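Dear colleague,

Please find below the structure that I am handing over to you. My notes on what was found in it follow directly after.

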Amino acid sequence: CPQTLNAGARRCRKPRCAPLNKRPKMNDAKIAKLADRDGSLLLSVYTIGLEAASECCMVVQELRKQTLRDRMEIIVVAPNKEGFDEKLFEGFGAHQWLIVPPIVECGKVMADGARAARAPYVTYAEEHSYFEEHWAERLVAAHELGYEAVGFAMENANPKTLASWAHLYGQ
């Protein structure tokens, strides 16, 4: 809710938004309860290949290390299935293809990907996303705590070089 923030404020004025500088307080026991549910999908992740589905392979491979992957749905949005290894879907709770006309405008296909989701929580992942193994659990847990929106953290994967910091903040 950037429009409701005061300069330098740490918390959004809306009562249902998470503090901007804190991760949700969720211990391992509470996170483990997510896996004890009825086995239904908890999180849909969609990714987009602008020219071919092969552009999504790295994202799906990265998501395979999620501890909650059996409760995750992967949605690949692309003009074709070219170059995508279907074995990458193994271990996920569900997957679906959303074959679209050649992509000219990302906004429309992003909306299509979100609308195709079958899980109660939905997120988008790009080819330069690297996820900690409990990322999906923590994302679902934050929503379970009542937050209406959950944001991401952008961290420097190579903090030892000045060029890396310049690139990170130059984005």
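**A buried glutamate and its partners**

Glutamate 73 counts as buried, because its relative accessibility is 0% and the cut-off for a buried residue is under 20%. Please bear in mind throughout that the model is a predicted one.

Which residue forms a salt bridge with glutamate 73? The partner is arginine 118, and the closest N and O atoms of the two are 2.6 Å apart. This salt bridge links distant parts of the chain, since 45 residues separate its two members. Glutamate 73 belongs to strand E2 (residues 72-78), while arginine 118 sits in the loop between helix H3 (106-116) and strand E4 (121-124). In contrast to its buried partner, arginine 118 counts as exposed, at 51% relative accessibility.

Glutamate 73 also has a place in the strand pairing: it is the bridge partner, in E2, of serine 44. Strands E1 and E2 run parallel and are joined by 6 bridges.

**Strand E1**

Is strand E1 enclosed or open? Of its 6 residues, 6 are buried, so E1 is largely enclosed by the rest of the structure. The cover extends to both faces of the strand. Leu43, Val45 and Thr47 are buried on one side, and Ser44, Tyr46 and Ile48 are buried on the other.

**The overall arrangement**

The protein has 171 residues, of which 37% are buried. Its secondary structure consists of 5 helices and 4 strands, and the order of these elements from the N terminus is α-β-α-β-β-α-β-α-α. Among contacts with a separation of 6 or more, 62% are between residues 24 or more positions apart. The protein exposes about 10800 Å², and 53% of this area is supplied by carbon and sulfur atoms.

**Helix H3**

Which residues of H3 are buried? They are Val109, Asp112, Gly113 and Ala116. Viewed down the helix axis, the buried residues of H3 fall within an arc of 100°, so they line one face of the helix. In general, an α-helix has 3.6 residues a turn, so residues three or four places apart point the same way. The buried residues of H3 pack against three strands, namely E1 (43-48), E2 and E3 (94-99).

Asp112 deserves a second mention. Aspartate 112 counts as buried at 16% relative accessibility, and this residue forms a salt bridge with lysine 108. The closest N and O atoms of that pair are 3.0 Å apart. Both residues lie in H3, 4 residues apart, which is about one turn of the helix.

**The other salt bridges**

How many salt bridges does a search of the whole structure find? The search finds 5. In general, side chains of opposite charge can pair when their charged atoms come close. One further salt bridge brings together the side chains of glutamate 132 and arginine 138, with an N to O distance of 3.4 Å. Glutamate 132 is partly exposed, its relative accessible area being 43%. Arginine 138 is likewise partly exposed, at 36%. Elsewhere, salt bridges that share partners join Lys108, Asp112 and Arg115 into one network.

**Aromatic pairs**

There are 5 aromatic pairs in the structure. One of them consists of tyrosine 46 and tyrosine 124: the ring centres are 5.3 Å apart and the planes lie at 45°, so the pair is tilted. Because tyrosine 46 lies in strand E1 and tyrosine 124 in strand E4, this pair ties together parts that are 78 residues apart in sequence. Tyrosine 46 is buried, with a relative accessibility of 8%, whereas tyrosine 124 is partly exposed at 28%.

Phenylalanine 131 and tryptophan 135 make another pair, which is tilted because the planes of the rings are at 45°; their centres are 4.4 Å apart. Phenylalanine 131 is buried, with a relative accessible area of 9%, while tryptophan 135 is partly exposed at 22%. In addition, Phe84, Phe89 and Trp97 form one aromatic cluster.

With kind regards

Definitions and conventions:
Residues numbered from 1 in each chain as written. Predicted model: local features only at pLDDT ≥ 70, side-chain atom pairs only at ≥ 80, totals over all residues. Heavy atoms only, no water. Salt bridge = Lys/Arg side-chain N within 4 Å of Asp/Glu carboxyl O. Buried < 20%, exposed > 50% of the residue type's maximum accessible area, 1.4 Å probe, protein only. Arc of directions from axis to C-beta. Contact = heavy atoms within 4.5 Å. Phe/Tyr/Trp six-rings, centres within 6.5 Å; stacked < 30°, edge-to-face > 60°. Areas by Shrake-Rupley, 256 points an atom, 1.4 Å probe, with all protein chains shown as cover. Pairing = 2+ DSSP bridges.
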